[in-house]
Amino acid sequence: MLKGSYVALITPFNQDGGVDYDELKTLINFHVDNGTSGIVVVGTTGESATLSIYERLEVIRQSVAIANGSIPIYAGTGANSTLEAIDFTKEADKLGVSGCLSVTPYYNKPSQRGLYLHFEAIANSTKSPQILYNVPSRTGVDLLPETVGQLSEIDNICALKDSSSDMARVALTKKITPSNFSLLSGDDVTAFTFMSKGGDGVISVTANIVPNIMSSMINSFLNGDISTALECDTMLSEINRAMFLESNPIPVKWAAHKIGLIKNNVLRLPLTSLDEKYIACVSNALKVARCI
């Protein structure tokens with residue numbers, strides 16, 4: 001069962017736009033040292049949409065090698081083609097990931113039956129743990145709790161990352177899924193409330209910047225220390241909001257560069273650097289979180 005604070009890791013780039021594997025090593029070790037429960041690479045925050053197939057697989061391969069068992073590595077392997085998602089999941093399995101994160105198919109807008117059959121086919125193609133990923137604001141399709149409940153009956157579908165921000169769903173989904181099925185928040189702003197409704201953890205953007213505080217918030221909640229969890233959430237509130245002033249990962253990459261985690265604030269088009277009108281707000285959020 002997945003519990004704790006997982007980071008949706010950024011992908012560091014060189015000034016020329018290539019993947020910086022030395023900095024990838026630095027980032028992974030940073031999370032090992034700061035209490036992160038696991039790392040998700042080549043997801044939305046990792047700019048998977050603009051990485052080539054070779055780059056995505058190489059980031060996975062090197063991440064698994066760098067971690068060397070010190071922290072679980074999960075790979076974003078979703079696609080809007082079921083066959084492509086199956087192929088990518090199989091390749092990630094060969095590289096030794098702890099599991100895969102599979103986003104709902106985007107753009108082609110399948111029905112709930114189509115979503116069920118999509119994830120069923122992926123799960124049946126592998127023995128590795130599969131995390132469902134629902135992010136309707138990006139994909140244009142919403143994986144409903146009833147469908148999650150049906151999918152949770154498949155042995156290796158072990159968790160849901162829910163970025164819907166619909167807190168009413170958490171208790172309902174908890175009720176209709178097995179006790180060992182994990183519910184992970186995909187929205188840092190509402191993560192504390194998500195935990196209070198029965199959540200098991202978070203796959204976080206903010207954890208790229210302050211993994212120790214996010215980990216403390218989640219683990220304190222899991223251990224029943226709600227007052228400490230609330231204190232941590234208060235510390236995180238400004239930075240959580242700041243990380244989504246523009247499309248993720250624009251703000252988080254700017255912040256990572258600002259505090260010296262990465263040398264270059266480089267994103268791939270069509271993403272561009274943080275708009276100047278947001279710089280003061282993100283800088284202030286870093287100060288509140290005691291990063292600068």
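Which backbone oxygen lies 2.6 Å from a polar atom of the side chain of Ser220? Keep that in mind while you get your bearings; what you have open is a predicted model, with residues numbered from 1 along the chain.

**Stop 1: Ser220**

Select Ser220, which you'll find in helix α9. Now add Ser216: its backbone oxygen is the one, sitting 2.6 Å from a polar atom of the Ser220 side chain. Ser220 has a relative accessibility of 10%, so it counts as buried. Next, show what surrounds this serine. Setting aside neighbours within four places in sequence, Ser220 is in contact with Asp225, Ile226, Thr228 and Ala229.

**Stop 2: two aromatic pairs**

Stay with helix α9 for a moment, then go looking for rings. The count of aromatic pairs comes to two. Start with Tyr6 and Tyr74, which pair edge-to-face, 6.0 Å centre to centre and with 80 degrees between the planes. This pair ties together distant parts of the chain: Tyr6 belongs to strand β1 (residues 4-8) and Tyr74 to strand β3 (residues 73-76), 68 residues apart. Are these two tyrosines buried or exposed? Tyr6 counts as buried because its relative accessibility is 6%, and Tyr74, at 8%, counts as buried too.

Now select Phe192 and Phe221. These rings also form an edge-to-face pair, at 5.3 Å centre to centre and 70 degrees between the planes. Here too, distant parts of the chain are linked: Phe192 is in helix α8 (residues 191-196) and Phe221 in helix α9 (residues 211-222), 29 residues apart. Both Phe192 and Phe221 are buried.

**Stop 3: a charge over a ring**

Pick Lys161 and Tyr133 together. The charged end of Lys161 sits over the Tyr133 ring, 4.2 Å from the ring centre.

**Stop 4: the nonpolar cores**

Time to look inside. The largest nonpolar core has 59 residues, and those touching the most other members are Ile60, Ile209, Met217, Ile239 and Met243. Which helix gives this core its largest share? Colour helix α2 (residues 53-67), which supplies six residues. Then centre on Ile60 and show its contacts. Not counting residues up to four places away in sequence, Ile60 touches Val41, Val42, Ala75, Phe88, Ala92, Leu95 and Val97.

There's also a second, separate core of 20 residues; select Ile154, Leu160, Met167 and Phe181 to see some of its members.

**Stop 5: the cysteines**

How many disulfides does the structure hold? Zero. Select Cys158 and you'll see that it is in no disulfide, with the nearest cysteine sulfur, that of Cys100, 10 Å away. Cys158 has a relative accessibility of 16%, so it counts as buried. Cys281 is in no disulfide either; its nearest cysteine sulfur belongs to Cys291, 14 Å away. In contrast to buried Cys158, Cys281 is partly exposed, with a relative accessible area of 37%.

**Stop 6: Ser70**

Finish at another serine. Ser70 is in the loop between α2 and β3, and it is partly exposed, with a relative accessible area of 45%. Follow its side chain and you'll arrive at the backbone oxygen of Ala67, reached at 2.6 Å. For a last distance to draw in the viewer, join the C-alpha atoms of Ser70 and Asn223: these residues are 153 apart in sequence and 23 Å apart in space.

Key. Heavy atoms only, no water. Phe/Tyr/Trp six-rings, centres within 6.5 Å; stacked < 30°, edge-to-face > 60°. Helix = DSSP H or I, 4+ residues; strand = E, 2+ residues; numbered from the N terminus. Buried < 20%, exposed > 50% of the residue type's maximum accessible area, 1.4 Å probe, protein only. Lys NZ or Arg CZ within 6 Å of the ring centre and 35° of its normal. Polar contact = N/O pair within 3.5 Å; in protein donor to acceptor, adjacent residues only side chain to side chain. Contact = heavy atoms within 4.5 Å. Disulfide = S-S within 2.5 Å. Core = buried A, V, L, I, M, F, W, Y, C linked by side-chain atoms within 4.5 Å.
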